[in-house]
Amino acid sequence: MDRRDLVERARRGDHDAFAQLTAADLGRLYGAAHLLLGQTEPAQDAVQDTLLEAWRGLPSLRDASRYDAWVHRLLVRSCYRQRKWNHPSDSAFGRDRTTDGAFDAVEDREQLERGFRRLPAEQRAVLVMRFYLDLSLADVAASLGLPEGTVKSRIHRGLASLRAALEADARHPYRLPEGLI
């Protein structure tokens, strides 16, 4: 069945159609929320709030083809409401260490995540939507209710800030506090 047809059926109250939409989107929504919030539980809460809000608001969605942008906007707003948004903790971005010899990859990932956490929420949101969710600039702008030029500048500033953070980490590598080893 066509995605637009599923949206139309869900708009009319079809629980099965909404369940199919949710199943198709859940992984991407959770991944984006986790990137934005940096922690598992707040990300799960944000996705749950998003889906509940989507179900309740779906009958008022005028254009079924705008469903994805609309749901992404709901997700970002839900993430903004989460308390942890502006206070990422050291446990953010799951510290899953692998045992398959990929320590360098894990270390690089953690360095990238530390730099990402330093970005303002607005920059994180556009970077996640553009590069993780792979949305076009127009879709990011529509999802956030921003002009496309604003999205472009936030992406540019976000990437520049991330680059600067990575370069700073390279000059001053992360060291464990004394006495931990």
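So, helix H6 (helices here are DSSP runs of H or I with at least four residues, numbered from the N terminus): its buried residues, meaning under 20% relative accessible area with a 1.4 Å probe and protein chains only, are Ala121, Gln123, Arg124, Ala125, Val126, Leu127, Val128 and Met129. Keep in mind that this is a predicted model, where local features need pLDDT of at least 70, side-chain atom pairs count only at pLDDT 80 or more, and totals for chains, interfaces and linings use all residues. Residues are numbered from 1 along each chain as its sequence is written, and side-chain values use heavy atoms, leaving out hydrogens and water.

How far apart are the end C-alpha atoms of H6? They sit 15 Å apart, which agrees with the 16 Å that its 12 residues, 121–132, should span at 1.5 Å a residue; the expected span is 1.5 Å times one less than the number of residues. After H6 comes Asp134, with a positive phi near 60°.

Now bring in H4, residues 67–81. Its axis and that of H6 come within 12 Å and cross at roughly 150°, with axes being lines fitted to C-alpha atoms over the stretch in contact, and angles running from 0 to 180 degrees between N-to-C directions. That makes H4 roughly antiparallel to H6, the word for angles over 145 degrees.

Who makes the contact, meaning heavy atoms within 4.5 Å? From H4 we have His72, Val76 and Tyr80, and from H6 we have Ala121, Glu122, Ala125 and Met129.

Last bit: buried residues in H4 include Trp70, Leu74 and Cys79. The buried residues of H4 pack against H1, H2, H3, H6 and H7.

Notes:
Helices (H or I, at least four residues) and strands (E, at least two) are DSSP runs, numbered from the N terminus. Buried means under 20% relative accessible area, exposed over 50%, partly exposed in between (1.4 Å probe, protein chains only). Angles under 35 degrees count as roughly parallel, over 145 as roughly antiparallel, 65 to 115 as roughly perpendicular and the rest as oblique. Contact means heavy atoms within 4.5 Å.
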